[in-house]
Amino acid sequence: MFDPAIAAGIARLSLLVVTFAGFGLVLYLSTHGFDRAVLLIPTWFLLTVWVLAAGFVVAGAITNDLAAPALLGGLELIVMLIGFTVMQHAFAGVSAEGLMSDVERRALAVTGAGEVVWDWDVIRDRIFVSPEAELILGFKRGAMETEAQAWLEFVHPSDRDRIRLALDAILDQRRGRIIQSLRLKTEDGHYFWFSLRARPVVGTDGEVLRVVGTMNDITELKVAEERLLQDAVHDNLTGLPNRELFLDRLDAAINFAKTDEKIRPTLIIVDLDRFKQLNTSVGTAAGDSILLTVSRRLSRLLKPQDTLARVAGDQFAIILLSEREPDRITAFADTIRRSVRAPIGFGERQIFLTASIGLALVDGETRERAEILKNAELAMHAAKQAGNDRIEVFKPSMRNDKIDRISLESDLRRALEKDEIIIMYQPIVRLEDRRIAGFESLLRWNHPKLGRLGPAEFIPIAEETGLIIEIGRFVLDRSARQLALWQRAIRGNNPLFLSVNISSRQLMRHDLIQDVKSVLSRHTLAPGSLKLELTESLVMENPELAAQMLQKIRELGAGLSLDDFGTGYSSLAYLQRFPFDTIKIDQQFVKGSGGKRGARPVILRSIVQLAHDLGMDVVAEGAETDSDAVELYQIGCEYVQGFAFGEPMTAEEARRLISPEVTDRASARPAPASTPAT
Ligand code: C2E
Ligand code: MG
Ligand code: MG
């Protein structure tokens, strides 16, 4: 259709254009991130050179005989090169998109899963681990490429034999699979957990050529697993054994005791007193750190063979194996008691904790752990009832006074109506002349079945159920009436006073002010002679509210007395913000058995001195002997209350005690209470 000369001319020109434009395009693409264009550069360069050469030949600029065959050869070479590049391109596209061999797929899967290839060339004895592992472990590349023996040096000593055995076994049996977890050493001497899964590759002669598989970093998994295992038997706050582990060890100790006479374990239960209140007043986070402090103090006291566990929120238990002499055991329990008592620094404050401690001995007869646990718990409860910060050893008699709490609760609701709740009066004596200055009202419950119960056994229940409000009102009114009667009978310069205990539920209600007001208006009493007794821990639960309430009560004409001083915060300087007129020093400071004989009078003396400086009277509680009283008098304390001067007694007994003073004022000393209160 065309003139051949024109057609050839068009073809040559278009070849020239395609070549140069193509070369430009290839260069452009290869500098803009298209890797395949880079591969085309040499081929296209040759093509450009060839086109130029062909141009010179056609134009007659080159007239060599060899020019034509050289151009033909060059063209073949270029076509082949282009062919290769196209093929390569085509295959690269295919493997990622559609058809893929199983081998390729596996290789991609291993990379995709982030697994480390582990390959042991058995014939050359070389182990190859892909560089990811070396990166994780912090080694230089190729550091882990060694013979098997040397490679095992990277494995944790405790795993080494197991792994060696697994490798030997696979060489022996020539089949099977290695599935092992192992720890590999890092560059800085830590260990990471890996799971190794590999399989032998067997040659035509049946020998193992290599063992190939993958390795996975499972450190996080292992750590979580270990933590879980630890948590199952350990308390996660203190790290001490928890109840489960403790019970298991107790079983073991009981069994030892059965077979070996020399082993005589003691179970000790340490229950923190009033910890719940403390928790509410300082917050649970602070409560936790206090528990931690206590747990550290306790663990320091133990020998390696003993076990300390946290068995409940504020309860610790100890299996004591290191001591077997009774007096050594009680001495140990006392060390525990004192170590809990030591003040705990907390921010600006000092926290004073106490614990009630119950002991039960395991002997060859003990069959069940439930029995021994119950015994120790009974002893601990006895310690609580005796008024906290005490140690009790289990006695079989404790079993009899088990009190069913639920039925006690419902009994208590009816107790007031049935007149089962009575008030006893314990004399408070002025040391100067040893005359009765006043009384403290103390509750007793004459339970129809259980006999007479002390306040420790039912006041906590009354507080929890709210019955304390009603009971408190009853005590206040009865006491005021009684005091009015007494005051009318004896007239003197120093009117008798009567102290009534107030519990926390009562103080936190504004009704208390109303109650005091109505009681004071109903009964004619000397000002300040009806005193409310509050403990310092109670006041400190909510110091602002307490300060307000106490001020109002004081203005109404009631006295205020600070009970159990020395068992709580014990900061007189702070407490003088409250309008107390009397402080009562707790029994444990007063009783002759105070232990540190040297320090006690010094502490007592300074409390008394400070109280006097702040304008408060001092009552010492728990004077049990006459020598206690003498000592207290010398220190400057003005009043005592204690068994030496009379136990809590009925109103009638109290009247008989004071009436001689009405009729015969010359007999200075009151007769001791004729009948004990219980
Ligand atoms: P408290 O107010 O510190 O009462 C003093 C306790 O010490 C009384 O125990 C008393 O019997 C005892 N005591 C007195 N002298 C001696 C002594 O020489 N040696 C010994 N070892 N103990 C002595 P009680 O009657 O068992 O009362 C215990 C606690 O119960 C009282 O401690 C008080 O906090 C509380 N309580 C008693 N009555 C009431 C009440 O009507 N309402 C409230 N909320 N609590 C009460
Ligand atoms: Mg009291
Ligand atoms: Mg007291």
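What spacing do the donors of the magnesium ion (ligand 3) follow along the chain? Let's work that out first, keeping in mind that this is a predicted model.

**Exercise 1. Read the donor pattern of ligand 3, then see which parts of the chain it draws on.**

Solution.

Step 1: List the donors. On the protein side, the magnesium ion (ligand 3) is held by Asp563 (OD), Asp564 (OD), Glu621 (OE) and Glu621 (OE), at 2.0 to 2.4 Å.

Step 2: Write them as a pattern. Along the chain the donors of ligand 3 give D-D-x56-E.

Step 3: Place the residues in the fold. Aspartate 564 belongs to strand β18 (residues 559-565) and glutamate 621 to strand β20 (residues 617-621), so this pair ties together parts that are 57 residues apart in sequence.

Step 4: Check for burial, for which the cut-off is under 20% relative accessible area. Aspartate 564 comes in at 18%, so it is buried. Glutamate 621 has 8%, so it is buried too.

Step 5: Look for a second metal. The magnesium ion (ligand 2) sits 4.0 Å from the magnesium ion (ligand 3), and aspartate 563 coordinates both.

**Exercise 2. Put the strands of the β7-β8 sheet in order and find its edges.**

Solution.

Step 1: Lay out the sheet. It is an open one with five strands, ordered β7-β8-β6-β11-β12, and its pairing is mixed.

Step 2: Find the edges. β7 (307-312) and β12 (391-393) each have a single partner strand, so one side of each is left without a neighbour in the sheet.

Step 3: Get the twist. On average, neighbouring strands here are turned by 20° against each other, direction ignored.

Step 4: Zoom in on β7 and β8. These two make a hairpin with two residues between them. β7 and β8 (residues 315-320) run antiparallel and are joined by five bridges. Threonine 307 stands opposite isoleucine 319, and leucine 308 has isoleucine 318 as its bridge partner.

Step 5: Go to the other neighbour of β8. Strand β6 (residues 266-272) also pairs with β8 in the antiparallel sense, over six bridges. Here isoleucine 268 is opposite isoleucine 318.

Step 6: Are the residues of β8 buried or exposed? Six of its six residues are buried. Gln315, Ala317 and Ile319 point one way, while Phe316, Ile318 and Leu320 point the other way.

**Exercise 3. Trace the largest nonpolar core and link it to a metal-binding residue.**

Solution.

Step 1: Find the best-connected members. The largest nonpolar core has 82 residues, and Leu412, Ile421, Leu534 and Ile583 touch the most other members.

Step 2: Ask which helix gives the most. That's α16 (residues 467-489), with 11 residues.

Step 3: Follow leucine 534. Leaving out residues up to four places away in sequence, its contacts include Ile502, Leu507, Phe580 and Asp563. Asp563 is one of the donors of ligand 3.

Step 4: Don't mix this core up with the other one. A second, separate core has 28 residues, among them Val270, Ala333, Ile336 and Ile344.

**Exercise 4. Describe the surroundings of valine 516.**

Solution.

Step 1: Locate valine 516. You'll find it in helix α18 (residues 511-522).

Step 2: Apply the under 20% cut-off again. Valine 516 has 2% relative accessibility, so it counts as buried.

Step 3: List its contacts beyond four places in sequence. They are Leu476, Leu532, Ile553, Leu556 and Ala558.

Step 4: Pick out leucine 476. Along the chain it is 40 residues from valine 516, yet their C-alpha atoms are separated by 7.8 Å.

Methods:
Residues are numbered from 1 along each chain as its sequence is written. Chains are lettered from A and ligands numbered from 1 in the order in which they are written. This is a predicted model: local features need pLDDT of at least 70, side-chain atom pairs count only at pLDDT 80 or more; totals for chains, interfaces and linings use all residues. Side-chain values use heavy atoms; hydrogens and water are left out. Two strands pair if DSSP finds at least two bridges between them. Helices (H or I, at least four residues) and strands (E, at least two) are DSSP runs, numbered from the N terminus. Axes are lines fitted to C-alpha atoms, for helices over the stretch in contact, and angles run from 0 to 180 degrees between N-to-C directions. Donors are N, O and S atoms within 2.8 Å of the metal (3.2 Å for Na, K and Ca); water is not among the atoms, so sites may look incomplete. Buried means under 20% relative accessible area, exposed over 50%, partly exposed in between (1.4 Å probe, protein chains only). A nonpolar core is a set of buried Ala, Val, Leu, Ile, Met, Phe, Trp, Tyr and Cys residues joined through side-chain atoms within 4.5 Å. Contact means heavy atoms within 4.5 Å.
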